[in-house]
Amino acid sequence: MQYRLLELAERTGCKLVGEDCLIESIAEISSALSGEIAFISNPRYVEYLSVTRASALIIKPEFLDVCPVPALVTDNPRLVYAKVANLLYPPKKSEPGISASAIVAESANIDKTATIAAGVFVSAGARIGAGSQIEAGCVIEDDVVIGSNTRINANVTIGYGCEIGDNCIIHSGVVLGADGFGFVKDGEGYLKIPQIGSVHIGNNVEIGANTTIDRGALENTIIGNGVKLDNQIQIAHGVSIGDNTVISAATAIAGSTHIGSGCLIGGLVGIVEHLTITDNVMITGRTMVTRSITQSGSYSSSTPMDTTANWRKNSARFRRLDELAKRVAKLEKKTII
Amino acid sequence: MQYRLLELAERTGCKLVGEDCLIESIAEISSALSGEIAFISNPRYVEYLSVTRASALIIKPEFLDVCPVPALVTDNPRLVYAKVANLLYPPKKSEPGISASAIVAESANIDKTATIAAGVFVSAGARIGAGSQIEAGCVIEDDVVIGSNTRINANVTIGYGCEIGDNCIIHSGVVLGADGFGFVKDGEGYLKIPQIGSVHIGNNVEIGANTTIDRGALENTIIGNGVKLDNQIQIAHGVSIGDNTVISAATAIAGSTHIGSGCLIGGLVGIVEHLTITDNVMITGRTMVTRSITQSGSYSSSTPMDTTANWRKNSARFRRLDELAKRVAKLEKKTII
Amino acid sequence: MQYRLLELAERTGCKLVGEDCLIESIAEISSALSGEIAFISNPRYVEYLSVTRASALIIKPEFLDVCPVPALVTDNPRLVYAKVANLLYPPKKSEPGISASAIVAESANIDKTATIAAGVFVSAGARIGAGSQIEAGCVIEDDVVIGSNTRINANVTIGYGCEIGDNCIIHSGVVLGADGFGFVKDGEGYLKIPQIGSVHIGNNVEIGANTTIDRGALENTIIGNGVKLDNQIQIAHGVSIGDNTVISAATAIAGSTHIGSGCLIGGLVGIVEHLTITDNVMITGRTMVTRSITQSGSYSSSTPMDTTANWRKNSARFRRLDELAKRVAKLEKKTII
């Protein structure tokens with residue numbers, strides 16, 4: 001797509017300062033060329049202003065004086081950049097209809113504006129809403145419900161009975177509705193506990209590649225509206241995640257833990273089972289959460305990187321930290337304070 | 001399925017106290033309704049006893065006095081719950097036979113009671129036993145052997161020559177038998193070491209979604225009977241895991257490490273290569289195992305979560321822990337003890 | 001394949017000491033039988049020399065005196081083992097041609113020596129080079145470019161516009177070119193930032209099962225020549241990885257981080273966004289990298305494993321480490337030094 005700069009200003013609610021021009025694409029300020037628009041959010045990049053070859057920039061008002069090209073002026077350049085990018089690069093829409101090589105059960109209900117791509121399998125009782133797209137190689141099991149304008153990318157598996165709302169994006173390799181991990185000791189071995197819950201995903205949810213969300217043991221696993229999950233996240237059975245919570249890659253959340261809304265959870269975080277995390281909590285990357293969090297705020301664990309040589313020495317001391325603390329207490333008793 | 005409560009009592013070896021009734025489903029005690037059975041294992045939930053609307057409960061003998069509805073009485077309510085759930089929710093069996101859209105090599109040997117679903121690929125020499133089900137989109141490479149009554153869920157890949165026993169469940173997105181990660185430095189770059197071993201999986205094994213188990217470099221990677229693996233676990237080449245060991249999600253085990261039987265390994269655990277872990281070891285979540293474990297018992301590492309502000313201060317001190325310990329030793333010398 | 005030992009010596013540039021013989025396979029020294037060759041690199045295994053039943057060994061010159069069988073003599077037995085294994089076990093080549101059950105767009109350009117297996121989907125404008133193999137269930141989206149002699153194993157997804165070089169191996173379950181994780185706060189929720197970059201993979205790259213590499217937000221995500229990635233690695237948008245860098249399983253690298261060439265990065269490592277790691281850096285397993293690394297060398301974090309009982313005591317002290325350090329400083333002031 002291409003737009004006149006003036007139209008981009010109008011559609012994003014910005015003031016245009018400078019001449020109108022044609023914008024065909026978006027780029028980083030350091031590499032943008034003619035016909036391209038770039039944005040500056042971080043003052044670090046102001047040095048590029050004088051040398052940019054971009055046709056236009058998205059900037060804060062304070063940079064207007066030093067901006068050599070037409071500008072969309074806004075207090076939130078990153079948001080305007082996202083809006084402009086959504087205009088210039090609208091999501092690709094496949095042709096509606098069911099591919100000749102898709103296998104769709106007779107009892108499945110596919111909206112006539114939906115797309116079912118090559119080699120997709122849709123089982124009995126599944127319902128797929130208006131404008132939704134199911135890409136190649138997906139397996140949609142019995143009685144799955146998918147809302148409207150949701151995109152399921154290639155090679156996704158959606159287990160029986162799972163429900164996904166409107167305007168979602170599910171990336172390749174995602175598995176929704178595999179059995180939760182539930183067993184009970186029975187003699188030497190373990191007896192499987194049937195996982196009879198489902199997975200319910202709200203609207204405007206995005207789920208990254210190869211992320212897995214298990215079905216509940218008895219209740220459902222629930223992902224709220226507007227939740228954004230990065231790649232390779234593991235969500236266990238019976239977890240619930242509140243609206244607009246964002247979770248970075250490779251984080252794992254154990255069973256029956258409830259996470260509030262508006263949380264920001266970093267990558268590689270682990271959260272153990274049966275906890276409650278309140279709303280608006282930030283958890284930094286690699287944190288191990290072993291108790292509930294009742295106060296919003298920022299939480300962390302882990303230890304800092306060092307050279308391996310230094311780390312070895314400090315790390316060895318960690319194994320005697322309790323002893324060290326006791327020695328300090330003893331010294332305190334002996335020393336007149 | 002539905003059962004008379006009396007029949008559930010007989011089949012699970014429990015005493016029925018109270019009137020017989022019809023049980024159609026299972027639910028949590030807090031939400032169970034008429035026609036449903038629930039269980040209480042944790043004394044925390046005893047408060048629900050007086051208000052439950054369940055038709056029956058699975059309880060320990062000590063709760064019988066305060067139980068207002070018919071009860072299955074047992075010392076292990078969780079095990080009886082699992083048994084009841086297995087009766088009420090038997091695993092779904094697909095129709096035996098080979099789907100018209102499956103591609104099955106002529107030399108593959110598929111038992112006539114097995115199910116090969118739509119779009120499955122079964123390569124030359126593969127053997128699939130009685131009652132096993134291969135769901136849509138799976139790829140079964142050359143000479144794979146799958147026992148009887150094993151279920152392979154959708155979009156699983158099983159590499160050439162891998163063997164899987166009876167009564168296993170392999171969840172979607174699993175990859176068995178990809179090449180192990182083996183290279184040797186050759187000039188600036190690396191030369192691949194062919195991975196000529198295989199993967200052997202015992203009986204009654206469950207493997208969670210998107211878990212990967214690599215083929216051995218020379219010997220096989222071996223998963224014992226009754227092993228339960230959660231989602232997104234990584235098992236490297238040449239690992240062996242003893243019978244009835246249970247491993248939680250997102251744990252990674254490096255090459256040629258041998259793990260005993262009856263172990264319980266938490267989520268996000270890392271175990272480095274060439275170690276031996278004895279039987280009946282418990283490893284808590286997020287532990288990094290860098291040496292062999294020769295004594296059964298419980299092992300841990302990692303540091304506790306805190307507010308980010310506190311954590312920053314403590315974490316900074318960690319980088320000088322060795323120095324701190326030396327300063328304490330110096331003080332001890334100076335102080336009359 | 002089978003080889004005369006003399007031919008193996010010639011092809012690997014080794015000296016043959018002893019009688020020529022027929023070699024049919026390769027095995028570990030402890031289990032090798034007649035017709036098999038084994039290697040000793042680690043002096044620990046010298047004890048096997050006297051009892052080996054192998055027909056030949058690959059050894060260092062210093063073991064020649066105690067080697068009871070014909071030997072390939074070399075200073076680098078591991079490299080010669082890899083070369084011999086590559087001769088004895090050449091990668092399986094599928095028959096060239098497009099399977100009848102593959103769905104290939106008319107505008108795709110498939111070299112006539114390439115293999116497109118059953119059930120593969122190749123979209124418009126894709127190009128696949130000479131000798132490359134695309135295995136069952138793969139989805140190759142629009143305008144993907146795959147070089148020559150590259151093998152894409154079963155059930156891989158390659159997003160539109162991604163480019164892969166020559167002589168690569170991409171293992172099952174890999175997802176290349178899913179959207180990067182980019183959002184901007186917009187009211188209560190988040191607006192998606194379109195991810196318009198691509199993924200460019202060099203030559204001689206191997207990518208392990210279920211690894212994910214996201215497309216860039218504006219620029220491309222770049223994987224250099226000779227890079228080896230293990231299973232379940234997550235590479236975020238805009239990351240670049242220099243030539244011949246090797247990364248072990250379950251490591252996650254956040255957006256716009258640049259990693260040099262010749263690095264060795266362990267498993268379960270986390271690297272936060274917008275960092276620069278110089279060349280020839282080693283990062284040990286489980287390290288959390290939160291700042292750029294400008295000096296080559298070895299880096300670590302994490303804490304050592306202990307029994308859970310000891311770990312609890314030390315770990316509790318960690319939460320008061322800053323206080324402990326202050327108490328030590330106070331003691332030092334009070335004590336005459």
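Let me begin at one small point of pairing, where Tyr299(B) has Thr307(C), in strand E40 of chain C, as its bridge partner. Those two residues belong to a pairing that crosses from one chain to another, since E39(B) and strand E40 of chain C, residues 306-307, run in the antiparallel sense and are joined over 2 bridges. Before I go further, please keep in mind that what we are looking at is a predicted model.

Let me stay with these two chains and look at their interface. The contact draws 71 residues from chain B and 67 residues from chain C, and the area buried between chain B and chain C comes to about 5,800 Å², with carbon and sulfur atoms giving 62% of it. There are 5 salt bridges across the interface of chain B and chain C, and to give you one of them to find on the screen, Glu332(C) is linked to Arg327(B), with the closest N and O atoms 2.8 Å apart. Between chain B and chain C there are also 29 residue pairs in polar contact, counting pairs in which both residues have pLDDT 80 or more. Which elements of chain B supply at least two residues each to the side that touches chain C? Among them are strand E21 (175-178), strand E22 (183-186), strand E39 (297-300), helix H3 (308-318) and helix H4 (321-334) of chain B. Sorted by class, that side of chain B holds 33 nonpolar, 21 polar and 17 charged residues.

Now let us turn to chain A and chain C. Here the contact takes 67 residues from chain A and 69 residues from chain C, and the two chains bury about 5,800 Å² between them, 61% of it on carbon and sulfur atoms. On the chain A side, Arg286(A), Met305(A) and Phe318(A) lose the most area to chain C, and together they account for 13% of what that side buries. Chain A and chain C have 5 salt bridges between them, one of which joins Asp322(A) to Arg317(C), with the closest N and O atoms 2.7 Å apart. For polar contacts, the count between chain A and chain C is 29 residue pairs, both residues being at pLDDT 80 or more. Several elements of chain A each supply at least two residues to the side that touches chain C, including helix H2 (77-88), helix H3 (308-318) and helix H4 (321-334). Of these, H4(A) gives the most, with 9 residues, and by class the side of chain A that touches chain C has 31 nonpolar, 21 polar and 15 charged residues.

Strand pairing crosses this interface too, for 2 bridges join E40(A) to strand E39 of chain C, residues 297-300, and the two run antiparallel. In that pairing, Asp306(A) has Ser300(C) in E39(C) as its bridge partner. If you follow the strands onward from there, you will find an open sheet of 12 strands with mixed pairing, which begins in the written order with E40(A), then E39(C) and E37(C), and ends with E8(C). Its edge strands, each pairing on one side only, are E40 (306-307) of chain A and E8 (97-98) of chain C. Inside the sheet, E34 (residues 264-265) and E37 (residues 281-283) of chain C run parallel, joined by 2 bridges, and Ile265(C) stands opposite Ile283(C) in E37(C).

Chain B has an open sheet of 10 strands with parallel pairing, running in order from E9 to E38. The edge strands are E9 (103-104) and E38 (288-289) of chain B, each pairing on one side only. Within it, E29 (residues 234-235) and E32 (residues 252-253) of chain B pair in the parallel sense over 2 bridges, and Ile235(B) stands opposite Ile253(B).

Let me close with some single residues. Met282(B) lies in strand E37 of chain B, and because its relative accessible area is 38%, Met282(B) is classed as partly exposed. Beyond its neighbours within four places in sequence, Met282(B) is in contact with Leu264(B), Gly297(B), Ser298(B) and Tyr299(B), the last being the residue we met at the start.

Finally, is Asn155(A) buried or exposed? Asn155(A) is buried, because its relative accessible area is 8%, and the cut-off for buried is under 20%. Asn155(A) sits in the loop between strand E17 (151-152) and strand E18 (157-158) of chain A, and its phi is near 60 degrees, a positive value in a residue other than glycine. Most residues other than glycine have a negative phi.

Terms used
Residues numbered from 1 in each chain as written. Chains lettered and ligands numbered in written order. Predicted model: local features only at pLDDT ≥ 70, side-chain atom pairs only at ≥ 80, totals over all residues. Heavy atoms only, no water. Pairing = 2+ DSSP bridges. Helix = DSSP H or I, 4+ residues; strand = E, 2+ residues; numbered from the N terminus. Contact = heavy atoms within 4.5 Å. Buried area = accessible area lost by both parts, 1.4 Å probe. Salt bridge = Lys/Arg side-chain N within 4 Å of Asp/Glu carboxyl O. Polar contact = N/O pair within 3.5 Å; in protein donor to acceptor, adjacent residues only side chain to side chain. Nonpolar A, V, L, I, M, F, W, Y, C, P; charged D, E, K, R; others polar. Buried < 20%, exposed > 50% of the residue type's maximum accessible area, 1.4 Å probe, protein only.
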